Amino acid sequence: MVAGVMCASFALLLAIVSFILWRKYFQAAYYYLDDPLGNRASPQLSETFADDSEYTAIPVNLWSKHVSELHADGDIGFSREYEAIQQATDIDLSSEHSQMTENKNKNRYVNIVAYDHTRVILKPSSGQKKMHDYINANYIDGYNKPAAYVGTQGPLPSTFDDYWRMIWEQECLL
């Protein structure tokens, strides 16, 4: 009887500790499709980077410290850094294909869109009645090599086939 109570107490304690660790390290504030755009408070660039000296390249020997700092407080540092980059980026880039009604449900996050000028266009499949060439993915230039990489979001259940079709067509090395 005592052993049963001890085992149950240990299991309960383990569950509580696991839940606390999960909330601390894995539950980040991501923007999902059903989040209204108006409910987000974006940090101002001046709040994120107090002066230009902080907005420089990170030396390799300080990279792990920088990433650890970004992971603090539920990965909020990554969100702030991304928002600052978005605010500093030229907003005149077109993303019409991402905003089309038939493609909106293929975007995992409403604030991360595929820009039209570098987007990956899926090839038509044989036997396909309607053209489905959209996937939320963009080509990224490498050092002295244009379109060296493909940046994309993780697939949704509805875009799983398109995701792997893109990997096959682009001959991505995993």
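Reader: Let me start with one residue. Which residues does Asp162 touch, not counting residues up to four places away in sequence?

Author: Keep in mind that this is a predicted model. In it, Asp162 touches Lys106, Leu122, Tyr134 and Ile135, with residues up to four places away in sequence left out. Asp162 itself sits in helix 6.

Reader: Is Asp162 buried or exposed?

Author: Look at the relative accessible area and compare it with the cut-off: under 20% is buried. Asp162 has 14%, so Asp162 is buried.

Reader: Which other residues of helix 6 are buried?

Author: Along with Asp162, the buried residues there are Tyr163, Arg165, Met166, Ile167 and Glu169.

Reader: And what do the buried residues of helix 6 pack against?

Author: They pack against strand 1, strand 2 and strand 3.

Reader: Okay, let's zoom out. How many helices and strands does the chain have?

Author: You'll find six helices and three strands. Reading along the sequence, you get the pattern α-α-α-α-α-β-β-β-α. Of the 174 residues, 22% count as buried.

Reader: How do I read the contacts over the chain? What share join residues at least 24 apart?

Author: Take the contacts between residues at least 6 apart in sequence: 52% of those join residues at least 24 apart.

Reader: Now aromatic rings. What describes a pair of them?

Author: You need two things: the distance of the centres and the angle of the planes. This structure holds two aromatic pairs. One is Phe160 with Trp164, an edge-to-face pair at 6.4 Å centre to centre, with 65 degrees between the planes.

Reader: Where do Phe160 and Trp164 lie?

Author: Both are in helix 6 (residues 160–169), four residues apart, which is about one turn of the helix. Here's the general idea: an α-helix has 3.6 residues a turn, so residues three or four places apart point the same way.

Reader: How exposed are Phe160 and Trp164?

Author: Phe160 has a relative accessible area of 44%, so Phe160 counts as partly exposed. Trp164 is partly exposed too, at 39%.

Reader: Trp164 has another partner, right? What makes the rings of Tyr163 and Trp164 edge-to-face?

Author: It's the angle: their planes stand at 90 degrees, with the centres 5.4 Å apart, so the pair is edge-to-face. Tyr163 is buried, at 18% relative accessibility. Put the rings together and Phe160, Tyr163 and Trp164 form one aromatic cluster.

Reader: What about empty space inside? How many cavities of 30 Å³ or more does a search of the whole structure find?

Author: Just one. About 80 Å³ of space lies in the largest cavity.

Reader: Which residues line the largest cavity?

Author: The lining includes Lys106, Ile135 and Tyr163. You've met those names already: Lys106 and Ile135 touch Asp162, and Tyr163 belongs to the aromatic cluster. Others in the lining include Arg108, Asn136, Thr152 and Leu156. The lining residues divide into four nonpolar, five polar and two charged.

Reader: Now backbone angles. Which residue in the loop between strand 2 and strand 3 should I check?

Author: Try Asn144, in the loop between strand 2 (134–142) and strand 3 (145–152). Asn144 has a positive phi of about 60 degrees although it is not a glycine. At 68% relative accessibility, Asn144 counts as exposed.

Reader: Which residue takes a positive phi just after helix 6?

Author: That's Glu171, with a phi of about 50 degrees. Glu171 isn't a glycine either, and at 65% relative accessibility Glu171 counts as exposed.

Reader: One last thing: confidence. Where in the chain is it lowest, and where is it highest?

Author: Confidence is lowest in helix 2 (residues 45–48), at a mean of 42, and highest in strand 1 (residues 119–121), at 94. For the chain, the mean pLDDT is 79, and 78% of the residues reach 70 or more.

Reader: Over which residues does pLDDT stay under 50?

Author: Over residues 28–51, for which the model has 41 contacts beyond four places in sequence. As you scroll through the model, compare that stretch with strand 1, where the mean is 94.

Technical notes:
Residues are numbered from 1 along each chain as its sequence is written. This is a predicted model: local features need pLDDT of at least 70, side-chain atom pairs count only at pLDDT 80 or more; totals for chains, interfaces and linings use all residues. Side-chain values use heavy atoms; hydrogens and water are left out. pLDDT is the predictor's confidence in each residue, from 0 to 100. Helices (H or I, at least four residues) and strands (E, at least two) are DSSP runs, numbered from the N terminus. Contact means heavy atoms within 4.5 Å. On a 1 Å grid over the protein atoms alone, a cavity is a set of points where a 1.4 Å probe fits but cannot get out, and a pocket is an open set with protein on both sides within 12 Å along at least five of seven lines; lining residues have an atom within 4 Å of a point. Grid points are joined across faces, edges and corners, and a volume is the space filled by probe spheres set on the points. Ala, Val, Leu, Ile, Met, Phe, Trp, Tyr, Cys and Pro count as nonpolar, Asp, Glu, Lys and Arg as charged, and the others, Gly among them, as polar. Rings of Phe, Tyr and Trp (its six-membered ring) pair if their centres lie within 6.5 Å; planes under 30 degrees apart count as stacked, over 60 as edge-to-face and the rest as tilted. Buried means under 20% relative accessible area, exposed over 50%, partly exposed in between (1.4 Å probe, protein chains only).
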